[in-house]
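Let's take a walk through this one together, starting with a helix and ending at the ligand. Have the model open and turn it as you read.

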Amino acid sequence: MTTSTAPATPVETTVRYQRGDFLFATARRALLAQGSVAAVTDTDPRRLARTVAEELTSSGVPLAVGVLPFDTGPDTTTPGHLVLPRTVHRAQAEGEPAVVSGPEDLPAPTATREVPSEEGHKANVRAAVAALHDRDLRKAVLARALELEFEASVPVEKIVRNLARGNPRHFTYAAELPGGRTLVGATPELLLSRAGDSVFTTPHAGSMPRSADPATDRAHGEALLASAKDQEEHAVVIDYVVEALRPFCRKLDVPAAPELVSTPAIWHLRTAITGELTDRDVTALDLAAALHPTPAICGTPTAAARDLVQELEPFDRGYYAGSVGWVDALGDGEWAVAIRCAEIADTSMRLYAGGGIVPASDPQAEFDETIAKFRTLLGAMGLD
Ligand SMILES: C=C(O[C@@H]1C=C(C(=O)O)C=C[C@H]1O)C(=O)O
């Protein structure tokens, strides 16, 4: 096992990524993990967290990296998967960080398929709004997929570099999945980080597409901040996160109102919550397992919302809307919400995008929101 703290910048570390590695990087901070000393795979995320903690203690490997699936319910067949890597490179930027150069050109797909179609998604939104009422749900998150086929192997490394270049403030990530696929994405949303007894989370919920026209763009942001429907969609998530964290924290600081933030593709409402952990034996992965799935990507109440999602969506989410991150031997770590992503097989990939449905949701606006969310990946591929 070698841990390199060699003087590389986050950009230099990011561009070293090759398919098979694990990457978790912003322009300020990068973690690149290579090879595998041991792997832990388990459908029960809490048990997974305990096994990983034991493996870290007994192996002397400083940290583990990996993914949790969307579905961590009692009937899931998709496991969480963490690797204790052979080599870890970590880098931090001093001052104003550089960005990855580019963009690099990518081959165009030979076929594309939307699952479901625009009409299908709008019908799902209407069905979800009816089900919220019938089943007494506050919110459910519905997603769509975009399947792309290529003539040759998808150049994963180029996509990752373009994602990092286009989203320097957010977490660009790449992780190997059980079964040989690769998950890549760039997410603004932190599920949970732990550093010593400090806990931090930034739930995002409530969205509006960006616009190329500055005045329209500003108006979209202001409309989002003023939208009662989006404030409600956001409040559902904050209520849940606070309730889920409270048992672990002796102190929680929850701002009274969300702030307006943006990615290059979309405006969001976000609340940055900080806490103080009561028990240092509770690791970042324990906390991620306790928090996931939040109503930002599933709904509320959790089990009923997950059932509805699985009834309406014509695909398995796999690791989309799961979590990606790392945990170290001290229990510190960072877990991001695995959105704005794609699962890549050899010559094909599946992009995902979803949005929260509440009683006031409009099918056309929800469809448009998925288009905006696909743009993170499509932009990195030079597609519109
Ligand atoms: C589900 C996604 O995003 C989530 C849903 C949001 C919303 O409904 O407003 C906002 C941010 C994310 O928590 C996605 O990007 O696919």
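A word on terms: a residue is buried if 20 or more other C-beta atoms lie within 10 Å of its own, exposed if 12 or fewer, and partly exposed in between, with C-beta atoms placed from the backbone. Helices (H or I, at least four residues) and strands (E, at least two) are DSSP runs, numbered from the N terminus. Residues are numbered from 1 along each chain as its sequence is written. Keep in mind that this is a predicted model: local features need pLDDT of at least 70, side-chain atom pairs count only at pLDDT 80 or more, and totals for chains, interfaces and linings use all residues.

Find α3, residues 118–135. On one side of α3 sit the exposed E119, A130, H133 and D134, while H121, N124, V125, A128 and L132 are buried. Those buried residues fall within an arc of 105° seen down the axis (taking directions from the helix axis to the C-beta atoms), so they line one face of α3. Their cover includes β9 (139–149), α8 (302–312), β23 (348–357) and α9 (363–380). Just after α3 comes D136, with a positive phi near 60°.

Now look for the ligand, which has 20 residues around it (C-beta atom, placed from the backbone, within 6 Å); S207, A296, I339, G354 and G356 are the closest. Which strand gives the most to this shell? That's β23, with five residues. At least two residues each come from β9, β14 (204–209) and β23.

Conventions
Expected span 1.5 Å × (residues − 1). Contact = placed C-beta atoms within 7 Å.
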